[in-house]
Amino acid sequence: MSSHHLLIRDMHRDDVPAVRRIESEAYEDAWPSRVFESELENAFAQYRVLAEHEERDPPGGPMSALARRIMPEPRDRILAFMGVWYMIDQLHLVTIAVDPREQGRGFGHALMLDCFALANAAELNEIVLEVRVSNERAQRLYDHFGFRRAGTLKDYYKDNHEDAYVMLSGPLNAPTATERLARLRAEHVERYGDAFEV
Ligand SMILES: CC(C)(COP(=O)(O)OP(=O)(O)OC[C@H]1O[C@@H](n2cnc3c(N)ncnc32)[C@H](O)[C@@H]1OP(=O)(O)O)[C@@H](O)C(=O)NCCC(=O)NCCS
């Protein structure tokens, strides 16, 4: 017997091929896999995955010890990922993407909640990110979390010379920000139940 649940955890080297596949489908200008590999070694970066984890009941019976040895551990199915850089006084959200087949299921929201939890754990009081001016879907997600457009970086994306908006969360310890986050967390649990912890 086995059961599945969703979890958010740190990205491992083994996850890179699945992450790369999602990235190349979700983004037009995907990073080469060596970037992820070197990023996993970067002490100022943290990469997280949202995955479906299979829990199998341990085999029973007289052959159980042998079965445990030869049965491979089930692999997590990677559904989404994000990466952050720890700056002196800000958390920089550098990438976030959901498998295009899995979008609209709350995974983007779940990773954003995780991003705020990382900032809180590191006692960083602001999150900063850049987003293509044409990426309305991602901007809606960030607007939802209270981000404001702080400026525009001209010609930021080299593939099509597109501009980027710099978006800032504002102080995370402001009462409006903590109330918003508590509301979003509660809404997420209401919408998606306890399918995964956020
Ligand atoms: C942007 C992206 C990360 C969003 O991820 P997602 O998993 O599809 O997003 P969610 O399922 O969490 O949200 C989808 C919708 O449900 C709504 N929703 C989900 N959870 C919700 C909640 N708890 N409360 C209220 N609304 C919620 C959202 O408002 C959203 O609706 P909208 O898109 O019409 O605004 C995803 O589209 C993606 O990977 N895009 C390609 C890569 C990319 O552009 N990354 C950003 C680069 S800056």
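**View 1. The largest pocket of the model has a volume of about 1300 Å³.** The structure shown is a predicted model. Its largest pocket is lined by 41 residues. Those nearest the centre of the pocket are Tyr27, Ile96, Asn135, Ala138 and Tyr142. Seven elements are named in this view as giving two or more residues to the lining: helix H1 (16-26), S4, H4, S5, H5, strand S6 (148-157) and H6. S4 provides the largest share, seven residues. By class, the lining of the largest pocket divides into 19 nonpolar, eleven polar and eleven charged residues.

**View 2. The ligand sits in the largest pocket.** Around the ligand there are 24 residues. The closest of them are Val98, Gly106, Asn135, Arg140 and Arg191. In this shell, ten residues are nonpolar, eight are polar and six are charged.

**View 3. Helices and strands both contribute to the shell around the ligand.** At least two residues of the shell come from each of these elements: strand S4 (91-98), helix H4 (107-121), strand S5 (127-132), helix H5 (136-144) and helix H6 (175-192). Which element supplies the largest share of the shell? That element is H5, with five residues. For the lining of the largest pocket, by comparison, the largest share comes from S4.

**View 4. Valine 98, arginine 137 and arginine 191 each place a polar atom at a short listed distance from the ligand.** At valine 98 the polar atom belongs to the backbone, and an oxygen atom of the ligand is 2.8 Å from it. Arginine 137 uses its side chain: a polar atom there lies 2.9 Å from an oxygen atom of the ligand. The side chain of arginine 191 has a polar atom 2.8 Å from a nitrogen atom of the ligand. On its own, the ligand has 930 Å² of accessible area, and the protein covers 85% of this.

**View 5. The largest cavity has a volume of about 40 Å³.** How many cavities of 30 Å³ or more are counted? The count comes to one. Residues Phe116, Phe145, Ser169, Leu172, Ala177, Arg180 and Leu181 line the largest cavity. H6 gives the most to this lining, with three residues. Five residues of the cavity lining are nonpolar, one is polar and one is charged. H6 also supplies at least two residues of the shell around the ligand, and it is among the elements that give two or more residues to the lining of the largest pocket.

Conventions
Residues numbered from 1 in each chain as written. Predicted model: local features only at pLDDT ≥ 70, side-chain atom pairs only at ≥ 80, totals over all residues. Heavy atoms only, no water. Near = heavy atom within 4 Å. Polar contact = N/O pair within 3.5 Å; in protein donor to acceptor, adjacent residues only side chain to side chain. Areas by Shrake-Rupley, 256 points an atom, 1.4 Å probe, with all protein chains shown as cover. 1 Å grid on protein atoms, 1.4 Å probe; cavity = no way out; pocket = protein on both sides within 12 Å on 5 of 7 lines; lining within 4 Å. Sits in = over half its atoms within 2 Å of the grid points. Helix = DSSP H or I, 4+ residues; strand = E, 2+ residues; numbered from the N terminus. Nonpolar A, V, L, I, M, F, W, Y, C, P; charged D, E, K, R; others polar. Points joined across faces, edges and corners; volume = space filled by probe spheres on them.
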